[in-house]
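This briefing covers a ligand site and a few points of backbone geometry. Please look over the sequence and the structure before reading on.

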Amino acid sequence: MRIDGTPWRTIWPQPDGTVGILDQTVLPHRVVSLRLAGLLDAARAIADMQVRGAPLIGVTAAYGLALALRTGADDASLDHAIATLAATRPTAVNLRWALGRMRDQLLPLALSVRADAAWALAGAMAEEDVAVCSAIGDHGLALIEEIAHKKGRVNILTHCNAGWLATVDWGTATAPIYKAHDKGLDLHVLVDETRPRNQGAALTAFELGQHGVPHAVIVDNAGGHYMQRGEVDLVMVGTDRTTRQGDVCNKIGTYLKALAAHDNGVPFYVAAPSSSIDFALRDGLAEIPIEERHAQEVTHLTGATSEGTLATIRVTPAGSGARNPAFDVTPARLVSGLITERGLVGANEAALLSAFPDRL
Ligand code: MRU
């Protein structure tokens, strides 16, 4: 996708053997790229959310492992690097999926070729992510077109950032939006601000604006109101982990949007690359670990002053504590369908297993 007309990806290999990333902690106020030179740089970038979003976390971990193997490629070093990267964020299964794939392919190789193979594999995973997101875009586009044929303008609501910034390119939930916009369909997107870190207000709004997609940022609690008034035709969100029975774990607040959509007969679709489907789990509520992040993300807000300086301010009384679960689980019964790279799949075990028999 583009920033001020220039094509960007969220992560890229650099000629000096390091990895470039776009620092998402300062967007939309600054466009800054950073250099990852080793394992700890990659682990820190994921933990501090300079890179975030389930697919991008997976690809960053793959590159982090490749960087780590340059300083030691024996089995113990491989397992140490995998453990370090896997510990950065617990909920998005893409992290473990990417590291597991790397491990399976690297372990049988001679030590002397592992680092180069890991670098090539990380690059291939990045390209695969782009292709998967593009395919999700094509399948989701059909859904948008169906509504457009019936009623003209399509009003979409999205939560958090499941856009190109959360992947290598295209995004998952935003890929159909970009493809529909490029095709000339009349679209409008309501963007949940997504407290506490404001991925919607800061990142999704930035992306949509750069691509020229008409949109408005709304506070997290406004979605139900707009659904009651018939101002939402379709909800489209991403996922950090979807179980084999179709329970969807995504950014905190997604569940409330699904409830409101259900109450108002609004279709609720989840863009789910197969890298985010955890075929080992069934019951999302009981089994998915929910990341608890620092209270300061709730008690404080970061933004730019009118002079353009980045500033963090407190919004709660100094003595008040805060709780900060980063994700919630939407039960499968509230999900209209999963938009995967293999097409639209029902949020249930039979449909998922028939679409992905190779993942058993
Ligand atoms: O905490 P984040 O910003 O990493 O959470 C991101 C989300 O919840 C996204 O919706 C999800 O990762 C899907 S991204 C295509």
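Pro196 lies in the loop that runs between strand E7 (187-192) and helix H7 (199-211). The peptide bond leading into Pro196 from Arg195 is cis, with omega near 10 degrees. The model is a predicted one. The points below take up the backbone and then the ligand.

**Backbone geometry**

- Most peptide bonds are trans, and most residues other than glycine have a negative phi.
- A cis peptide bond joins Leu27 to Pro28, and its omega is near 5 degrees.
- Pro28 belongs to the loop between strand E4 (19-22) and strand E5 (33-36).
- Asp4 is a residue other than glycine with a positive phi, near 50 degrees.
- The loop that holds Asp4 connects strand E1 (2-3) and strand E2 (6-7).

**Polar contacts of the ligand**

- Asn250 places a polar side-chain atom 2.7 Å from an oxygen atom of the ligand.
- In the side chain of Lys251, an N or O atom is 2.7 Å from an oxygen atom of the ligand.
- Gly53 takes part through its backbone, where an N or O atom lies 2.9 Å from an oxygen atom of the ligand.

**Burial and location of the ligand**

- The ligand on its own exposes 420 Å², and the protein buries 99% of that area.
- The place where the ligand sits is the largest cavity.
- Two elements give two or more residues to the shell around the ligand: helix H2 (54-69) and strand E11 (248-251).

**Make-up of the shell**

- The ligand is surrounded by 19 residues.
- Arg89, Gln199, Asp240, Asn250 and Lys251 are the closest of these residues.
- By residue type, the shell around the ligand holds 7 nonpolar, 8 polar and 4 charged residues.
- Domain 1 (2-128) and domain 2 (138-359) each supply at least three residues to the shell around the ligand.

**Points to locate in the structure**

- For the ligand, find Asn250 and Lys251, which are among the closest residues, and then Gly53, whose contact is made by a backbone N or O atom.
- For the backbone, find the cis bonds from Leu27 to Pro28 and from Arg195 to Pro196, and then the positive phi of Asp4.

Key. Residues numbered from 1 in each chain as written. Predicted model: local features only at pLDDT ≥ 70, side-chain atom pairs only at ≥ 80, totals over all residues. Heavy atoms only, no water. Near = heavy atom within 4 Å. Polar contact = N/O pair within 3.5 Å; in protein donor to acceptor, adjacent residues only side chain to side chain. Areas by Shrake-Rupley, 256 points an atom, 1.4 Å probe, with all protein chains shown as cover. 1 Å grid on protein atoms, 1.4 Å probe; cavity = no way out; pocket = protein on both sides within 12 Å on 5 of 7 lines; lining within 4 Å. Sits in = over half its atoms within 2 Å of the grid points. Helix = DSSP H or I, 4+ residues; strand = E, 2+ residues; numbered from the N terminus. Nonpolar A, V, L, I, M, F, W, Y, C, P; charged D, E, K, R; others polar. Domains from an automatic or database assignment.
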